[in-house]
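I opened this entry to record what I looked up, item by item. The structure comes first, then my notes.

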Amino acid sequence: MPLRSRLPLIVCLVTAFSGAVLQPAQAKTKHLWSTVNICDSPKYADSVGVAARMPGDGTARQMYMRFYVQFREDKQWKYVKEGGRSPWIKAGSAKYTWSQRGYTFGFDPPAAGTKFILRGLVKFEWRSKGGKVVKKTHRITSSGHETKGADPAGYSAAQCTLEGPAPPPGQPPYQDPNAPPQG
């Protein structure tokens, strides 16, 4: 049989095989995300909830997540230093297809006339039986993810804005004394 007539068969086999190989990787990617699922709701005033999902890899490894909150300042994202980091949370066995967890951060009510733009960042680790980190990655919050515990139900966003009440009439908005002068 000449090579020319084998070529279409080889191309078909390679195409079929590559589709089978790529599909599990795509499935793992679709189960690796984080989202803001609570943002200053009536039930969770001045709070930001961050939820995340991570894929298992079919092994006996254990999966862990750590949640962070960042705020936007001067066009940069900075970590909230006090109270903006969760402990490492065990997400379960990597034998399963995926695991979902979340963490809610509470804040003092913002001063009148102020607002803060926040987002979440989640670090993921897959650890061996002895606790050694075998793989790690992170995700910044994005919208469009269904989570348990969202408030209101179905809420999913990339960012959250916490805003203080409007300043009383005639009073200028609050100015941070540590902010650089504008001009």
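**Starting point: Gln70**

I began with Gln70, which sits in strand β3 (residues 62–73). The model is a predicted one. I asked whether Gln70 is buried or exposed. Its relative accessible area is 4%, so Gln70 counts as buried, the cut-off being under 20%.

Next I looked for a polar partner. The side chain of Gln70 makes a polar contact with that of Arg119, at 2.7 Å. I then listed the contacts of Gln70, leaving aside neighbours within four places in sequence. They are Trp77, Lys78, Tyr79, Val80, Ile117, Leu118, Arg119 and Leu121.

**The chain as a whole**

I stepped back to the overall layout. The protein chain has 1 helix and 9 strands. Along the sequence I read the pattern α-β-β-β-β-β-β-β-β-β. The chain has 183 residues, and 33% of them count as buried. I also checked contacts between residues at least 6 apart in sequence: 66% of these join residues at least 24 apart. The exposed surface comes to about 12000 Å², with carbon and sulfur atoms supplying 56% of it.

**Salt bridges**

How many salt bridges does the structure hold? I found 3. I reminded myself that side chains of opposite charge can pair when their charged atoms come close.

Arg61 and Asp57 meet through their side chains, N to O, at 2.6 Å. Arg61 is partly exposed at 28% relative accessible area. Asp57 is partly exposed too, at 26%.

Glu73 pairs with Lys78, and their closest N and O atoms are 2.7 Å apart. Glu73 has 32% relative accessibility and counts as partly exposed. Lys78 is at 28% and is also partly exposed. I had already met Lys78 among the contacts of Gln70.

The side chains of Glu125 and Arg127 form a salt bridge at 2.9 Å, N to O. Here both Glu125 and Arg127 are buried.

**The nonpolar core**

I then turned to the largest nonpolar core, which has 23 residues. Which residues touch the most other members? They are Val48, Met54, Met65, Phe67, Val122, Phe124 and Trp126. At least two residues of this core come from each of β1 (33–39), β2 (47–55), β3, β5 (89–93), β7 (115–127) and β9 (160–163).

**Strand β1 and its partner**

I looked at β1 more carefully. Why is β1 largely enclosed by the rest of the structure? Because 7 of its 7 residues are buried. β1 and β2 run antiparallel, joined by 6 bridges. I picked out one pairing: Cys39 has Val48 in β2 as its bridge partner. Val48 is also one of the core residues that touch the most other members.

**Backbone oddities**

My last check was on the backbone. The peptide bond from Asp151 to Pro152 is cis, with omega near 0°. I placed Pro152 in the loop between β8 (133–140) and β9.

I noted Asp46 for a positive phi, near 55°, in a residue other than glycine. Asp46 lies in the loop between β1 and β2. With a relative accessible area of 15%, Asp46 is buried.

Asp74 also went into the notebook, with phi near 50°, again positive in a residue other than glycine. I found Asp74 in the loop between β3 and β4 (76–79). Asp74 is exposed, because its relative accessible area is 59% and the cut-off is over 50%.

Conventions
Residues are numbered from 1 along each chain as its sequence is written. This is a predicted model: local features need pLDDT of at least 70, side-chain atom pairs count only at pLDDT 80 or more; totals for chains, interfaces and linings use all residues. Side-chain values use heavy atoms; hydrogens and water are left out. Helices (H or I, at least four residues) and strands (E, at least two) are DSSP runs, numbered from the N terminus. Buried means under 20% relative accessible area, exposed over 50%, partly exposed in between (1.4 Å probe, protein chains only). A polar contact is a pair of N or O atoms within 3.5 Å; within protein, one must be able to donate a hydrogen and the other to accept it, and residues adjacent in sequence count only if both atoms are side-chain atoms. Contact means heavy atoms within 4.5 Å. Accessible areas come from the Shrake-Rupley method with a 1.4 Å probe; for residues, only the protein chains shown count as cover. A salt bridge is a side-chain nitrogen of Lys or Arg within 4 Å of a carboxyl oxygen of Asp or Glu. A nonpolar core is a set of buried Ala, Val, Leu, Ile, Met, Phe, Trp, Tyr and Cys residues joined through side-chain atoms within 4.5 Å. Two strands pair if DSSP finds at least two bridges between them.
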